[in-house]
Amino acid sequence: MNDDRCQEMHLLIQADLDGELDPAEAARVAEHLEHCAACASLQSEMLALSARLREELPYYAAPHTLHAAVRARIASEAQPEAQRGARRSWVDHLRRPRLAEFGYFGGGFALAACLAWLLVIPRAGDFPGAVVADHIRALQPGHIMDVASSDQHTVKPWFGGRLDFTPPVKDLKSQGFALAGARLDYLAGRPVAALVYQRRQHLIDLFIWPDQGSIGLRPADGHRRGYNFIHWSQGGMVFWAVSDLNAQELGEFVRLWQAG
Amino acid sequence: MRRVVTRADPLSFEQLVLPHLNSAHNLARWLVKDSTLAEDVTQEAALRALRYFPSYHGGNVRAWFMRIVRNVAYDFLASRSGNPETSFNEGGSGEEGPQALSVPAPDDDPEAALLHSEGVQLLDRALRALPAELRECLVLRELEGLSYKEMAEVMGVPIGTIMSRLWRARQALLGRSAEGMHS
């Protein structure tokens with residue numbers, strides 16, 4: 001709550017929503033946000049701004065005519081070069097290693113891109129990535145559950161007073177997805193319910209919050225960093241299921257949840 | 001054989017750099033705030049990039065190209081602000097100029113017609129009214145999805161500067177577009 005601490009937190013909160021923090025730093029931010037309403041509301045304001053900038057502002061892709069014009073200019077610039085090369089065959093020898101060099105750097109770039117994909121916490125523009133990052137963060141020891149209970153009648157009331165909405169809670173134990181517990185979490189700039197289910201050694205996070213249409217989520221599935229996710233809307237709530245469970249079984253979990 | 005080798009550089013250039021032409025144009029468009037000028041900047045940047053390409057030694061090609069785009073855009077803005085008789089009157093890069101502090105009138109671009117909702121227009125105007133150095137931060141981060149490191153490369157400043165500019169930009173928008181933010 002103290003102002004110096006908050007001041008110091010501001011750039012960290014921003015870096016967190018820009019996906020620039022490692023999990024340990026992000027956890028530190030999350031801890032601060034839990035205890036500081038001012039910073040938490042700042043975070044949600046900044047998240048909302050971020051979402052609006054990305055969704056509402058025009059993206060000025062280059063017009064087709066510009067693509068064509070640039071290609072034409074480049075082709076014409078390259079022409080005299082080609083003629084010089086034709087006259088001076090020794091240039092070929094100089095150029096061959098450079099070709100290899102470009103290939104090498106191209107490969108290096110691709111590798112760097114892959115590493116970035118694997119290592120970097122997802123950007124703010126990547127909401128699925130943010131949800132998956134949240135799931136991964138929760139998997140750290142002691143973070144996955146605030147309340148450990150397989151009883152939906154324990155879990156549901158536990159949320160009462162902790163959230164401004166009542167998340168639906170279901171146990172799917174008889175179908176092979178046992179409710180293991182629940183916790184409070186922060187996503188999309190608001191507190192959300194996270195139900196934790198277990199399938200063999202795999203944990204499934206099911207994030208739930210009221211659907212206000214603010215993020216414009218469309219039903220979809222996908223994967224990030226080795227984790228599968230499926231999200232949908234149902235009964236005025238947004239649901240995100242995230243797990244290292246294979247896509248097929250996660251799909252089964254979602255179907256059971258939707259039907260149950 | 002010779003034909004392949006002599007055409008190798010432009011081919012590599014096309015493969016590496018041209019996929020980022022949309023990003024280049026988007027950045028140019030947000031920086032110079034004029035559709036015709038943005039196309040000129042993009043084209044000039046592509047040509048400059050072609051000339052500098054032999055000195056490109058790997059690394060993030062998008063950041064490398066965007067840096068050139070940015071430099072060309074700033075050159076255009078500087079030459080424009082030095083010449084008051086030009087028809088572009090939207091404030092230029094003029095961070096200190098009074099234009100940067102006022103909300104510019106919506107231009108009559110066809111794109112502007114797409115910004116139907118009032119909130120969207122407010123947000124658009126607030127971003128356009130930001131000093132170019134803050135505006136480009138938000139464009140690179142939010143619209144292009146660049147990391148801080150890539151942004152530092154594009155803008156040629158330390159990451160700490162990126163963080164504080166982003167912060168200032170966001171706080172300015174949160175204050176400036178407050179009417180639209182809490183709908």
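Is Arg62(B) buried or exposed? In this predicted model, Arg62(B) turns out to be buried, because its relative accessible area is 17% and anything under 20% goes into that class. The residue belongs to helix H5 of chain B. Leaving aside residues up to four places away in sequence, Arg62(B) touches His20(B), Ser23(B), Glu144(B), Gly145(B) and Leu146(B).

Helix H5 itself is worth a look. H5 of chain B runs over residues 61–81, which makes 21 residues. From its first C-alpha to its last, H5(B) reaches 30 Å, close to the 30 Å expected at 1.5 Å a residue. At the N-terminal end of H5(B), Asn60(B) acts as a cap. One of its side-chain oxygens sits 3.0 Å from the backbone nitrogen of Arg62(B), so Arg62(B), buried at 17%, also takes part in this capping contact through its backbone.

Next come the aromatic rings. Counting over all chains, the structure has eleven aromatic pairs. One of them joins Phe13(B) and Phe53(B) edge-to-face, with 5.4 Å from centre to centre and 80 degrees between the planes. This pair ties together distant parts of the chain: Phe13(B) is in helix H2 (residues 8–16) of chain B, whereas Phe53(B) is in the loop between helix H4 (35–52) and H5, and the two are 40 residues apart. Phe13(B) and Phe53(B) are both buried. Phe53(B) also pairs with Tyr56(B), and here the pair counts as stacked because the planes meet at 15 degrees, with ring centres 5.7 Å apart. Relative accessibility is 2% for Phe53(B), so it counts as buried; Tyr56(B), with a relative accessible area of 5%, is buried as well. Together with Trp64(B), the residues Phe13(B), Phe53(B) and Tyr56(B) make up one aromatic cluster.

Arginines turn up over rings, too. Arg70(B) lies over the face of Tyr74(B), 4.4 Å from the ring centre. Another case involves both chains: Arg29(B) lies over the face of Tyr60(A), at 4.2 Å from the ring centre.

Then there is the backbone. Most residues other than glycine have a negative phi. Lys33(B) has a positive one, near 60 degrees, without being a glycine. It is found in the loop between helix H3 (21–32) and H4 of chain B. Lys33(B) counts as buried because its relative accessibility is 6%. A positive phi also appears at Gly156(B), where the value is about 65 degrees, just after helix H8(B).

What about H8(B) itself? Helix H8 of chain B covers residues 148–155, and six of its eight residues are buried, so this helix is largely enclosed by the rest of the structure. The buried ones are Tyr148(B), Glu150(B), Met151(B), Ala152(B), Val154(B) and Met155(B).

Finally, chain A as a whole. Its secondary structure comes to eight helices and seven strands. Of the 260 residues in chain A, 43% are buried. Chain A exposes about 13,000 Å², and 56% of that area is supplied by carbon and sulfur atoms. As for contacts in chain A between residues at least 6 apart in sequence, 59% of them join residues at least 24 apart.

Methods
Residues numbered from 1 in each chain as written. Chains lettered and ligands numbered in written order. Predicted model: local features only at pLDDT ≥ 70, side-chain atom pairs only at ≥ 80, totals over all residues. Heavy atoms only, no water. Helix = DSSP H or I, 4+ residues; strand = E, 2+ residues; numbered from the N terminus. Expected span 1.5 Å × (residues − 1). Polar contact = N/O pair within 3.5 Å; in protein donor to acceptor, adjacent residues only side chain to side chain. Buried < 20%, exposed > 50% of the residue type's maximum accessible area, 1.4 Å probe, protein only. Contact = heavy atoms within 4.5 Å. Areas by Shrake-Rupley, 256 points an atom, 1.4 Å probe, with all protein chains shown as cover. Phe/Tyr/Trp six-rings, centres within 6.5 Å; stacked < 30°, edge-to-face > 60°. Lys NZ or Arg CZ within 6 Å of the ring centre and 35° of its normal.
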